[in-house]
Every structure is written in structure tokens, then in C-alpha cells.
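Biologist: I'm new to this structure and would like a close look at a single part, the open sheet, along with whatever sits around it. Could you walk me through that slowly?

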Amino acid sequence: MDPTTDNAGYTGDPGRARASLEALRAEIAKAVVGQDPAVTGLVVALLCRGHVLLEGVPGVAKTLLVRALASALELDTKRVQFTPDLMPSDITGSLIYDTRTAEFSFQPGPVFTNLLLADEINRTPPKTQSSLLEAMEERQVTVDGTPRPLPDPFLVAATQNPVEYEGTYPLPEAQLDRFLLKLTIPLPSRQDEIDVLTRHAEGFNPRDLRAAGVRPVAGPADLEAARAAVAKTTISPEITAYVVDICRATRESPSLTLGVSPRGATALLATSRAWAWLTGRDYVIPDDVKALALPTLRHRVHLRPEAEMEGVTADSVINAILAHVPVPR
């Protein structure tokens, strides 16, 4: 593929695109300490045209992580704080009556952007949560019977607090399945927490990422070149069968009431492909599938109540399946 340069100075060379996306980690690290797996997950979602659900207790920099990603990408971004009184039209937009022209005109909502930060998405009722379903799946919004396409690229990065926290509404299964990845944001290690406090003591302001030195290092052309290269990454029939076997095993697990659907299997194949390309290969190996299995599948399975009472988690079930499903040679 010959490198091509657009007016913004971006090249379409896949090698440069990979280097630019890898540079995101260094830029985001200027604002967020640790969290490399979450950064990688966000990049994988961008390559797969998917959406990301970030879950963690309040105060672990979920919002800051997404804001840092937006600052390191030259993409338009908007933020919506989800609250109990938020209405669907507050997200998608609505028809506004213009008294000067005596006509209705469409006022776009914040969903018309490249990167939508849906902050604390599970603090709003299901009616408003579901307003994102069409946008996430069809890449369009229909208002008054008229479909309106969303920009490309388009990614929803939603943060949520654990469901046992007060004032949260569990996301419907249909919406959970629309998220390509569910990334858990853990509490920082002792050293990472010391680094966070040291930065704040030295004057770091999380509301001013420019002052922290976060600059755009990748843009739309890099993303397009990367996606084209990912699409050419080879997947052998053995790897395809391995993905299917993993997903079918979740449907037979005695700890689960609901296993991974074919949509989930397709998602695992796509994320494994993107991860293989990011690591510098043009073919997928079983380790790529294993690396992306947890974030791709953990929100697509449902535990039996009795298993949950015994301390079983979705992650432990998936890890057990990965340990037992035969790995192709």
C-alpha cells in the first residue's frame, strides 16, 4: 500500500498508523497512571468500530482516561453526564420550532460526534439508556421518521459504577451486547497511587490536559489505514474453530444461564484480529484470542444466582473455559 497524505498531514501508511496508535499509550500516560490494558482496549475498539464499557468504583480515573484518549486523537468529542432526569432527546437531538420560518428544524444532540463519553451511563433509567441502541448498532439516529447518519469514526465510551452502588440501573442485556468490550478499571497499586499523588502535589490539573502535555498523536487517516491493515490480517480455519469452541463452551457451562451469542463470537474474532495487528503480526494466533477473551465476553454471559452466591464470577468461568478448550497447534 502506497503511503498517501491528506491535507492534515496524516499518512495512510499502515506502519506509521501502528506507530501512531502505539504512541497513544505514552500520551495518555501523561495524564493517567497505569491502566495500560484499558488504553489498549480503547484502541482495539477504535480499530474494530466498536464501543467500550468502562467499569470501576468512583475515583479511579475512568472519565479522565477517555478524556485523555480524546485529547491524544484528533477527533471531535462530546461528553454527556447521565443522570436520572436525562431524556432520550437530550442525547439524540430533537426537532425545534423556528418562529422566524414557521418550520421545524433538527437540532443535533451530543451523539453527533466521533467520540461520545457517556459518563455514568447506569445512573439513568433504561428508557434513556436505550436511546443509544440505534446509534451504537446502526450508526444513525432516527428522529421523526428521518434517519440521520452519524460521523465516522463513531465510538461510545461509557463509564459505569458497579451495580451494587446506590442509584444505579443495570444496563439491559440488549445494550450490553452492543458494547464490543467491557474493561474493568481496578484500584491502582501502591506505587501507582503514590505517583498519582506526587503528580497532584506538583500541580497536575486533571481538567487541563493541555497543561499536562497531552497532544494529538493520531488522526482519522491513521485510523483508516490501520483498519484497512487489520482487515487483511489472516485468520486460519483452526483459529475460527477455536473461537467458536470457546463461545459454545459458555453455552454449556453449568454456572451460566446465558452463554455467548454468535454476535459475541464475531466480536472475539474481530478483537483478536486487531490485537494481532497491533502486536506486529499479519495473522492471528491462539494467544491473541486468549488475550481478548475476558474483555470481549465477560459482559455477554449471565451467572446463575447460586453460582454468584458461591463467589463465582464471569471472569473465573471464562478463564476455566480457556483452560479446558483444546488449543489449535
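Modeller: Here is a tour that starts at the sheet and works outwards.

Keep in mind that this is a predicted model. The sheet is an open one built from 5 strands, and if you read across it the order is 2-5-8-1-9, with parallel pairing. On the outside you find strand 2 (77-81) and strand 9 (181-184), the edge strands, each of which pairs on one side only. The sheet also has some twist to it: on average, neighbouring strands are turned by 20° against each other, direction ignored.

Let's zoom in on one of those edges. Strand 9 pairs with strand 1 (residues 52-55) in the parallel sense, and 4 bridges hold that pairing. If you want a spot to click on, try L54, whose bridge partner in strand 9 is L183. As background, strands of a sheet pair through backbone hydrogen bonds, either parallel or antiparallel.

Now for the helices against the sheet. Helix 2 (residues 36-48) lies across strand 1, strand 8 (155-160) and strand 9, and its direction makes about 165° with strand 9. Helix 3 (residues 62-72) packs on the sheet too, touching strand 1, strand 2, strand 5 (115-119) and strand 8, and running at about 170° to strand 5.

Helix 2 is worth following further. The largest nonpolar core has 71 residues, and those touching the most other members are L21, L47, L65, I246, W277, V289 and L297. Helix 2 gives the most to this core, namely 8 residues. To see how one of these core residues is surrounded, pick L297: leaving out residues up to four places away in sequence, it touches I246, C247, V260, G264, L268 and I318. Another core lies apart from that one, with 23 residues, including L132, V143, F154 and A158.

Helix 2 turns up again beside an enclosed space. The count of cavities of 30 Å³ or more comes to 1, and the largest cavity holds about 50 Å³ of space. Its lining is made of L21, E22, R25, V39, T40, V43 and L278. Helix 1 (14-29) and helix 2 are the elements giving two or more residues to that lining.

Helix 3, for its part, takes you to an open space. The second largest pocket has about 620 Å³ of space. Its lining counts 28 residues, and nearest its centre lie G59, V60, A61, K62 and L64. Here the elements with two or more lining residues are helix 3 and helix 8 (190-201). Helix 8 supplies the largest share, 6 residues.

One last stop follows from V143, which you met in the core of 23 residues. V143 belongs to strand 6 (residues 140-143), where the side chains alternate: V141 and V143 point to one face and are buried, whereas Q140 and T142 point to the other and are not. That fits a general pattern, as in a regular strand the side chains alternate between the two faces of the sheet. Strand 6 runs antiparallel to strand 7 (residues 146-149), and 4 bridges join them. Along this pair, V143 has T146 as its bridge partner, while Q140 stands opposite P149. The hairpin leaves 2 residues between the strands, and D144 takes a positive phi near 55° there.

Definitions and conventions
Residues are numbered from 1 along each chain as its sequence is written. This is a predicted model: local features need pLDDT of at least 70, side-chain atom pairs count only at pLDDT 80 or more; totals for chains, interfaces and linings use all residues. Side-chain values use heavy atoms; hydrogens and water are left out. Two strands pair if DSSP finds at least two bridges between them. Axes are lines fitted to C-alpha atoms, for helices over the stretch in contact, and angles run from 0 to 180 degrees between N-to-C directions. Contact means heavy atoms within 4.5 Å. A nonpolar core is a set of buried Ala, Val, Leu, Ile, Met, Phe, Trp, Tyr and Cys residues joined through side-chain atoms within 4.5 Å. Buried means under 20% relative accessible area, exposed over 50%, partly exposed in between (1.4 Å probe, protein chains only). On a 1 Å grid over the protein atoms alone, a cavity is a set of points where a 1.4 Å probe fits but cannot get out, and a pocket is an open set with protein on both sides within 12 Å along at least five of seven lines; lining residues have an atom within 4 Å of a point. Grid points are joined across faces, edges and corners, and a volume is the space filled by probe spheres set on the points.
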